[in-house]
Amino acid sequence: MRYHVAPVMLSLFFISTLGNCFAQTTKQEYLKRIDVIEQNIQKYFVAEDRGLYLENIGKHEKPYSYLWPLCALIQAKNETEALKKNSGMQPVIKAIDQYYTKESPAPSYQSYVEKSSRFYDDNQWIAIAYLNAYERTKKKIYFDKAKEIYTWLLTGYDEKTGGGLYWKEDEKTSKNTCSNGPNILVSLELYQATKEKKYLDTALLVYNWTNKNLRGNDGIFYDAINVSSLKIDSAVYTYNTGTMLESNVMLYQITKDVKYLKEAKLIATAAEKRFYKNGKLPGHYWFNAVLLRGYLALYVVEKDASRFSFFIDDANRVWNNERDDRNLLGRESDKTLLSQAGILEIYARLAALNLTKS
């Protein structure tokens, strides 16, 4: 069982036990927010002439968006498609397909529609979204795309620094949590779909390396290790801790080894303490959406919705305080596609939980 939509009985249980904790926002209110954000994405960010998207509103470094915002949008659209029973993913898939390259050593997606660098994490986010869609729809095309990406991802692994995947194909200077945590998830998703041991072996190999090299003592994960100097970039971001939280939950579900569940609980407690300050999360909505994925995965096995109540509070704060007069969200003056996609995913996931009276 995955965490996209909570079972009805669990939903009713948590409505009764948490009372008014979640009554401030109904499922219908989340759906209204989702509609507004999707309409704005269509109005402000779609480049109709090419079937592509724009990076932001305002000045553009390039005519079209880089791949990264589409990595956020495809996951958000997977969640809204599940809610609305529509085909919301398809326009984004058609756009992502324009970033596809068959360049050696294996096909994958480049960072821009013209010849450009390939990032391992960009491709991992796409694979995760496609595997989630495959689990939901059983459409083989999603599985095949994810498996093709996985083949290319393995070319980013070597034994420098003792293992791990690089961040960027043509500048192999660092190995980052953002290119290793999602790789664990891709591998575990493929294992769940196929039960082929090689995928679990890959997940554990990368999991052990990431914990050894990039995990802080408090359970929060650092950004990267420099391949030449072995110096750790100790910056912390919500999404890096989020992928490792979710990885531990999935490993517990697969192996039944309680050490992974204990680690997941430790990470979840540490993440709230580290990142939720003065009644708000950091301002990067999509990073926070990835962290929420981890909490919702833990919710499935722990059955404690109060653990992520701060996410609900923050999501409401964002809607109330960080919208402009066009209903575009984000703290930045030039509103970005990445921000709209990130908060869209958050609202879609909270709506799917149905912890409120709708």
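The legends below accompany close-up views of a predicted model.

**View 1. Helix H2 and the elements against which its buried residues pack.**
Helix H2 runs over residues 27-45, and its 19 residues reach 26 Å from the first C-alpha to the last, close to the 27 Å expected at 1.5 Å a residue. The buried residues of H2 are Tyr30, Leu31, Arg33, Ile34, Ile37, Glu38, Asn40, Ile41 and Phe45. These buried residues pack against two strands, E1 (46-47) and E2 (52-53), and against three helices, namely H3 (67-84), H12 (309-321) and H13 (337-353).

**View 2. Asn56 in the loop between strand E2 and helix H3.**
Asn56 has a relative accessible area of 13% and is therefore buried, the cut-off being under 20%. When its neighbours within four places in sequence are left aside, Asn56 is in contact with Phe45, Asp334, Lys335 and Thr336. Phe45 is also one of the buried residues of H2, the helix shown in the preceding view.

**View 3. The packing of helix H12 with helix H13.**
The axes of H12 and H13 lie 11 Å apart and make an angle of about 130°, and the two helices are therefore oblique to each other. Their crossing is left-handed. On the side of H12 the contact is made by Ile312, Ala315, Val318 and Trp319, and on the side of H13 by Ile343, Ile346, Tyr347 and Leu350. Sorted by character, the residues of this contact comprise eight nonpolar, no polar and no charged. Both H12 and H13 are also among the elements against which the buried residues of H2 pack.

**View 4. The packing of helix H9 with helix H11.**
Helix H9 (residues 238-255) and helix H11 (residues 285-302) pack with their axes 7 Å apart and at an angle of about 20°. That angle makes H9 roughly parallel to H11, and H9 passes H11 in a left-handed crossing. From H9 the contact involves Thr238, Tyr239, Thr241, Gly242, Thr243, Leu245, Glu246, Val249, Tyr252 and Gln253, which meet Trp286, Phe287, Asn288, Val290, Leu291, Arg293, Gly294, Tyr295, Ala297, Leu298, Val300 and Val301 in H11. The residues of the contact of H9 with H11 divide into 13 nonpolar, seven polar and two charged.

**View 5. Helix H7 and the residue that follows its end.**
Helix H7 spans residues 177-194, and its 18 residues reach 26 Å from the first C-alpha to the last, close to the 26 Å expected at 1.5 Å a residue. Because 15 of the 18 residues of H7 are buried, this helix is largely enclosed by the rest of the structure. Just after H7, Lys195 takes a positive phi of about 60°.

**View 6. Ala203 in helix H8 and its contacts.**
Ala203 lies in helix H8, which covers residues 197-214, and with a relative accessibility of 0% Ala203 counts as buried. Apart from neighbours within four places in sequence, Ala203 is in contact with Ile184, Ser187 and Leu188. The C-alpha atoms of Ala203 and Gly294 are separated by 16 Å, the two residues being 91 residues apart along the chain. Gly294 is itself among the residues of H11 that meet H9.

**View 7. Backbone geometry at Lys85 and at Pro105.**
Most residues other than glycine have a negative phi, and most peptide bonds are trans. Lys85, in the loop between H3 and helix H4 (90-97), has a positive phi near 60°. With a relative accessible area of 72%, Lys85 is exposed. Pro105 lies in the loop between strand E3 (100-101) and strand E4 (108-109), where the peptide bond from Ser104 to Pro105 is cis, with omega near 15°.

**View 8. Ser228 and Leu230 in the loop between strands E6 and E7.**
The loop that holds Leu230 runs between strand E6 (222-226) and strand E7 (232-236), and Ser228 lies in the loop between these strands as well. Phi of Leu230 is near 65°, a positive value in a residue other than glycine. Ser228 counts as exposed, at 73% relative accessibility. Although Ser228 and Thr161 are 67 residues apart along the chain, their C-alpha atoms are separated by 8.6 Å.

Technical notes. Residues are numbered from 1 along each chain as its sequence is written. This is a predicted model: local features need pLDDT of at least 70, side-chain atom pairs count only at pLDDT 80 or more; totals for chains, interfaces and linings use all residues. Side-chain values use heavy atoms; hydrogens and water are left out. Helices (H or I, at least four residues) and strands (E, at least two) are DSSP runs, numbered from the N terminus. The expected span of a helix is 1.5 Å times one less than its number of residues. Buried means under 20% relative accessible area, exposed over 50%, partly exposed in between (1.4 Å probe, protein chains only). Contact means heavy atoms within 4.5 Å. Axes are lines fitted to C-alpha atoms, for helices over the stretch in contact, and angles run from 0 to 180 degrees between N-to-C directions. Angles under 35 degrees count as roughly parallel, over 145 as roughly antiparallel, 65 to 115 as roughly perpendicular and the rest as oblique. A crossing is left-handed if the near helix is turned anticlockwise from the far one by less than a right angle, and right-handed if clockwise. Ala, Val, Leu, Ile, Met, Phe, Trp, Tyr, Cys and Pro count as nonpolar, Asp, Glu, Lys and Arg as charged, and the others, Gly among them, as polar.
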